[in-house]
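Here are my notes on this model, as numbered points. Please read them with the coordinates open.

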Amino acid sequence: MSILDAKIPEGPLADKWTKYKNEINLVNPANKRNIDVIVVGTGLAGGAAAASLAELGYNVKTFCYQDSPRRAHSIAAQGGINASKNYQGDGDSDYRLFYDTVKGGDYRSREANVYRLAEVSGNIIDQCVAQGVPFAREYGGLLDNRSFGGVLVSRTFYAKGQTGQQLLLGAYSAMNRQINRGKIQSFNRHEMLDIVKVDGKARGIIARNLVTGEIERHGAHAVVLATGGYGNVFYLSTNAMGSNVTAAWKAHRRGAFFANPCYTQIHPTCIPVSGDHQSKLTLMSESLRNDGRIWVPKKIEDAVAIREGKKKPTDLSEDERDYYLERRYPAFGNLVPRDVASRAAKERCDAGFGVNKTGEAVYLDFASAIDRYGKMEANIHKIDNPSAQKIYDLGRDVIENKYGNLFQMYEKIVDENPYKTPMMIYPAVHYTMGGLWVDYNLQTNIEGCYAAGEANFSDHGANRLGASALMQGLADGYFVLPYTIGDYLSNDIRTGKIPTDTPEFDQVEKDVNDRIHKLMNASGKHSVDHFHKKLGKIMWNKCGMSRNAKDLESAITEIAALRKEFWADVKIPGSADSMNPELEKAGRVADFLELGELFAKDALNRSESAGGHYREESVELDGPQKGEALRDDVNFKYVAAWEYKGEPKDAVLHKEDLKFENIELKTRSYK
Amino acid sequence: MGMISSSIARKFAMALSGLFLVFFLGQHFVINLTAVLDPDTFNSWSHFMGNNGLVQALLQPVLIFGVVFHFVMGFILELKNRGARVKSYAKYKGSANASWASRNMIISGLVILAFLCLHFYDFWFPEMIHKYVDALPLDPTRYYAETVHKFESPVRVGLYVIAFVLLAIHLWHGFASSFQSVGFNNKYSKALTKFAKVYSILIPLGFIFIALYLHLNQLPH
Amino acid sequence: MKLTLKIWRQANANAKGSMQTYPIDGIEGDMSFLEMMDVLNEQLINKGEEPVVFDHDCREGICGSCSLQINGEPHGPDRGVTTCQLHMRMFNDGDEIVIEPFRAKAFPVIKDLMVDRSAFDRIQQAGGYVSVNTSGNTIDANSTPIEKENADAAFEAATCIGCGACVAACKNASAMLFTSAKVSQYALLPQGQVEASTRVLNMVEQMDKEGFGNCTNTGACEVECPKGISLENIARMNREYMAAVSKG
């Protein structure tokens, strides 16, 4: 029997959550006033959790490294949020959303968690609308939906290309209401540097005030980590510059298991890298794939000519283009899930068909969509025999209406007009499905320490479907944690305030100070970014879209060596007792250097291909799926939860077997 | 002014007093124009304005209050606004995003204030002394000659022209902007804004024309 | 390309601060402005000097962290972009670029180019929300149809990223565009009606308390706003405010 108990409630799938809510212990309002909760991270999950817990009556302290909770990186999510409202009447239901999510995750997520997510998804939309989130609407005044990759229904609610921003501002406004009521104290420009356990339970954190450099102690009855993902271990990703794994990693070092670290989502539609100076990558919403067609030249000579600037993409006729997604996956075409689309792009570019200077880009072409919409509009406006220019203009207007801001963003960055010439895109690290292991209550192995949103591993299996991250973050924060934490805190009504002048806090604060001291005194030769870039290169080349045992083994050694080098040779100017962004970065990179190794170790262990994790050794050798990723349900139908034992290489694997009682495991086919 | 303490209330009051002054300016212009068209009408209207009890006892104080309020509030806001940026920019490219007129209302305003002083010195104080201190007998025919006489000096006419150019600049921003301040900015306000822009050029231009006309058409002494 | 940077350096909130000159070479047009700053900082670190501190995070123009007054304009000479989206192709070889923090009494400098914009948070805390609890037990999202025109206008107002360029551009350091964007978002939606009066009164009161200047309708904010928030929002706020005052 595994030591991992997911605490999934008994009973039929659809009744589990209701039954659970009916049976948990509650805390009476008077007692809630005596209970403190710390929420680290103020994105969708953290912001929503903080607002909800404060509203219930708990005293909440929030922490974020940004200057305002509103700047958490949830804000950058573009496309939308899924909910099984079935407003379109196209056959959607909780079950179908559940099914799509499990299937999209390549059967590596927990049924009960995913079903709960689908079940509360509708409520999220109700809640957000009530808060004044301005979702897109139809002319009749009702909410509009669009479709997203990997599914066959339109269940995605959106606010132009800024859905994440609007949802985050909704959660932030709910937080503001509680700040105004005095129920939330928000500590901005603060970074959590460690978690404090007392008698095995999470009872507080050590945080650094990023403005003054002061190290602070904060006690609480429970700690929620909603600190996002660790995509920045790749240096280049679509994450914010400050996104980091530190909070989750510190919890891991203190006993929380880290689950499935190798599950990374590489998003297919990002703007390609332009040079060595690149500091981050920009995502173009997946919604573009609704109308854009992806292609590379059919003939390698054409690809070479384009790379050398001798030919333009518009010079190539239809016959000379390879719409490889439509060719390989006729059923889903350009709307295959992200992992499939990304790998297909890499496959073409590796084969020499890439279309930018570095050979790492494919085209996303809107010409046929402009033509199609143009003809449709001409029809609607009763224009007989429209000229080609007229059709183009009408179609262009439709496209501009739908994606105008994205097109403008593209033009600003690349300096090319995407209405005239196809966009260039390439996959980039976007989201990490792995994270802290949590049970059904979203509690980690450390009692009283919860993880929500991207920071936990729970709902997306080996691959996340588009528009599901926002759904999960808000579900965790608004609707799950308020119940599950209450159940836990019902045992704490007699505990009293958590004192911070205890030996436990003394020790952890000392550990934090020692580490800062060690970093400041390395007095080496290279900047933090120097090491971070090196780590990113190893990760991208050996733990990226396509992995094999040999590369992963060498990644493990290389990262360990780089980590050693880092601690001996990093150079951090300034002092620790004042604002010092280099010191902040150093602490984060130090943690990435440990996580990266565990990542590679996990990827090496999982010798199957599942979702975003593709092992070259595990592909279909025959049949209609020939060449596609091959999952191994016999040996790997489990969550890999790693226990910290000092060095990443010594981490101990615990397996949580995944039970599929409501879904039949199938080969994920998008053909 | 204690009552009007919030930023928006002050802005609203500035707009209302400004609109009132714009209206007054139009009325003043119409009377002045008669000096060009028909000296007799000018005399009779001037006499009416100067001796009608309602105008003198009610409208005149309201006008003076409007002028004083607009200036005092303008200064208060200017000082407060300057205080909102303690340390100024080493490089500030105001012209990149806003018109000169909108950024320098205090300068055009101060010029107009200086002109008003001159204007009071020229017309209002003599008039007050004439009527109330010396208590000279009523003479409904004296206004035209006195006015024409004032425009004999080219220096005064020059100052007059400069002041009205700055008034035009002040109105160019101020008139249209008062609609925004009172919350009127929609598809209908576009036309009104156009009217305001035309008004802010034509009326000062008209005043300048009258001044030049009178200067060039001096009566024999 | 080769550039001369003149950058405001200030060790902390209480230090005096001054402009410093840094020559820089090897800048490419494809770099973003902040990547150019990264290059400078890497050079400074290698020389053992403290890098220039500035706010930044998402680097895709949406988080609102990055600021910078570049050659006298917030977010630099380009329109509709934040500093992180400003590309060096906007500049020419040999240019001198003056880089300063956003300046306003209500935005005190923390260090170098980083300022404290928490005044914006406090304005929102004063009323920038709908007082609905987060239980999810509200009415169905589609039970109140909202005219598309209003929903779209509310969205346009809600796209404000809270970067503070409006304040930085305004000669009066006024925060009216920011405040009005939030007031407008709720004023345009039925959900926001119930608390409309108290919201606008409280938010404007807080805005005044923070020490921002008054609006003189120069329109600089609208021009410099990376998200193109319209002046119509300020007019709407003025309307809402006076209506609320007259209600008493």
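What share of the 221 residues in chain B is made up of buried residues? The points below start there and then move to the interfaces.

1. **Burial in chain B.** This is a predicted model. In chain B, buried residues make up 26% of the 221 residues.

2. **Make-up of chain B.** Chain B has eight helices and zero strands. Read from the N terminus, its elements run α-α-α-α-α-α-α-α. Along the principal axes, the C-alpha atoms of chain B fill a box of roughly 55 × 35 × 35 Å. Take the contacts in chain B with a separation of 6 or more: 83% of them are between residues 24 or more positions apart.

3. **Helix 2 of chain B, length.** Helix 2 of chain B covers residues 39-51, which is 13 residues. At 1.5 Å a residue, the span should be 18 Å. The end C-alpha atoms of helix 2 are 18 Å apart, so expectation and model agree.

4. **Helix 2 of chain B, two sides.** Which residues of this helix are buried? They are Phe42(B), Asn43(B) and Ser46(B). Around the axis they cover an arc of only 95 degrees, so they sit on the same side of helix 2 of chain B. The general rule is that an α-helix has 3.6 residues a turn, so residues three or four places apart point the same way. On the other side of helix 2 of chain B, the exposed residues are Asp40(B), Phe48(B) and Asn51(B). The cover over the buried residues includes helix 1 and helix 6 (143-150) of chain B.

5. **Which chains touch.** Two pairs of chains are in contact, and chains A and C share the most contacts. Chain A and chain B have no contact with each other. Their closest C-alpha atoms lie 20 Å apart.

6. **Chain C against chain B.** Here 39 residues of chain C are in contact with 35 residues of chain B. On the chain C side, strand 5 (96-100), helix 6 (196-209), helix 7 (220-224) and helix 8 each supply at least two residues. Helix 8 of chain C gives the largest share, nine residues. By class, this side of chain C divides into 16 nonpolar, 12 polar and 11 charged residues.

7. **Helix 1 of chain B on helix 8 of chain C.** How do the axes of these two helices cross? Helix 1 of chain B (residues 7-37) and helix 8 of chain C (residues 232-247) have axes that come within 10 Å and cross at roughly 100 degrees. The two helices are therefore roughly perpendicular to each other. From helix 1 of chain B come Ile8(B), Ala9(B), Lys11(B) and Phe12(B). They meet Asn238(C), Tyr241(C), Met242(C) and Val245(C) in helix 8 of chain C. This helix contact has six nonpolar, one polar and one charged residues.

8. **Chain A against chain C.** In this pair, 65 residues of chain A are in contact with 66 residues of chain C. On the chain A side, the elements giving two or more residues are helix 3 (44-56), helix 5 (111-131), helix 6 (163-180), helix 12 (388-414), helix 13 (469-489) and helix 17 (581-605). The largest share, nine residues, comes from helix 6 of chain A. The side of chain A that touches chain C divides into 25 nonpolar, 25 polar and 15 charged residues.

Definitions and conventions. Residues numbered from 1 in each chain as written. Chains lettered and ligands numbered in written order. Predicted model: local features only at pLDDT ≥ 70, side-chain atom pairs only at ≥ 80, totals over all residues. Contact = placed C-beta atoms within 7 Å. Axes fitted to C-alpha atoms, helices over the stretch in contact; angles between N-to-C directions. Helix = DSSP H or I, 4+ residues; strand = E, 2+ residues; numbered from the N terminus. Parallel < 35°, antiparallel > 145°, perpendicular 65-115°, else oblique. Nonpolar A, V, L, I, M, F, W, Y, C, P; charged D, E, K, R; others polar. Expected span 1.5 Å × (residues − 1). Buried ≥ 20, exposed ≤ 12 C-beta atoms within 10 Å, placed from the backbone. Arc of directions from axis to C-beta.
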